[in-house]
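Here are some short exercises to work through with the model open beside you. Try each task before you read its solution.

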Amino acid sequence: MNLRAATLVLSRARHGLRSPAATIGAGVLVLLLLVAILAPWLAPHDPLQQNIALRLRPPGAGHWLGTDNLGRDLLSRLIYGARPTLGIALLVMASAAPVGLLIGIVAGYAGGWVERVLMRFTDIVLAFPQLVLALAFAGLLGAGTFNGALAVALTIWPSYARQARAETLAIRDSDYLAAARMLGIRSGRLLWGHVLPMCLPFVYVRLALDMAATILSLSSLGFLGLGVQPPTPEWGAMVAGGSKVIFDQWWVAAVPGAAILLVCIAFNLLADGLRDLGDPRHG
């Protein structure tokens, strides 16, 4: 990272402290990330250890969030469940966003039949509801962690492609790029070094928003048994297990459900704060 980029990052970090939404959202997410990393030291019990004699115990001493239908400690499973939930969501966004950016930038810069083909394909994917399409891909690919992540990634990229195309069209004929061409900068170097940086500001907000949607999609796949497979702790699968006893032992489903709600709210707060910081009308 060069000095100018580092200065820009530090400047945005200082401004971020002025946004309560961004600060709260980022704080919650950092805390959750630390919980996921330090899970072996924070979890009071083995998340896979079963004890039928302790099944469906309410929250109390020894098991602060209660136990599930197999007698496993819910707090330990909740802590370990943060790992696949956050890790797979980050993997999905790290794979989907670059693909969408590449397609959108190439389409906007090339124009002509290249743009029409790429954008019509993008429109076809966007025509289907994201969760329904993810379920269809997961059903075709089969249940599993990797297949679930791939299924969600295949539905996320079109929004990045359309927005990157719009940003590229806005600057394609600008004096900025004309000056770069006069200096002999062409094709890939021009797209990578000059067009891409102009498209990045919108990516930060979009990533934060899509992380919340991605976690919901992954949790939905886990709920239906198409994502992370048991006995690995995963919040969506934990909600599914608790739904069978929700009227009598409500905590089994409520605990992972509250965790999903918390992380989604945190990402939305972060996205709202980033939007305010990127809006020139907000000082």
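**Exercise 1. Find which residues of α6 are buried, and where they lie around the helix axis.**

Step 1. Leu-133, Ala-134 and Ala-138 are the buried residues in α6, where buried means under 20% relative accessible area, exposed over 50% and partly exposed in between (1.4 Å probe, protein chains only).

Step 2. Looking down the axis of α6, the buried residues fall within an arc of 135 degrees, so they line one face of the helix. The arc is that of the directions from the helix axis to the C-beta atoms.

Step 3. A general point helps here: an α-helix has 3.6 residues a turn, so residues three or four places apart point the same way.

Step 4. On the face turned away from the buried side, α6 carries the exposed residues Val-132, Gly-139 and Leu-140.

A word on the source: this is a predicted model, in which local features need pLDDT of at least 70, side-chain atom pairs count only at pLDDT 80 or more, and totals for chains, interfaces and linings use all residues. Residues are numbered from 1 along each chain as its sequence is written, and side-chain values use heavy atoms, with hydrogens and water left out.

**Exercise 2. Compare the reach of α6 with its expected span, then look just after the helix.**

Step 1. Helix α6 covers residues 130–141, which is 12 residues. Helices (H or I, at least four residues) and strands (E, at least two) are DSSP runs, numbered from the N terminus.

Step 2. The expected span is 1.5 Å times one less than the number of residues. From first C-alpha to last, α6 reaches 16 Å, close to the 16 Å expected.

Step 3. Just after α6, Gly-142 takes a positive phi of about 100 degrees.

**Exercise 3. Place Ala-166 and describe its exposure.**

Step 1. Ala-166 sits in helix α7, residues 145–171.

Step 2. With a relative accessible area of 44%, Ala-166 is partly exposed.

Step 3. Its C-alpha atom is separated by 9.6 Å from that of Ala-107, 59 residues apart along the chain.

**Exercise 4. Describe the make-up of the whole protein and of two annotated spans.**

Step 1. The protein has 11 helices and zero strands, and 41% of its 283 residues count as buried.

Step 2. An unreviewed UniProt entry annotates "transmembrane region" at several spans, including residues 21–43 and 249–271; such annotations may be inferred rather than shown by experiment.

Step 3. Residues 21–43 are 91% helix and 0% strand, with end C-alpha atoms 29 Å apart. Residues 249–271 are also 91% helix and 0% strand, and their end C-alpha atoms lie 35 Å apart.
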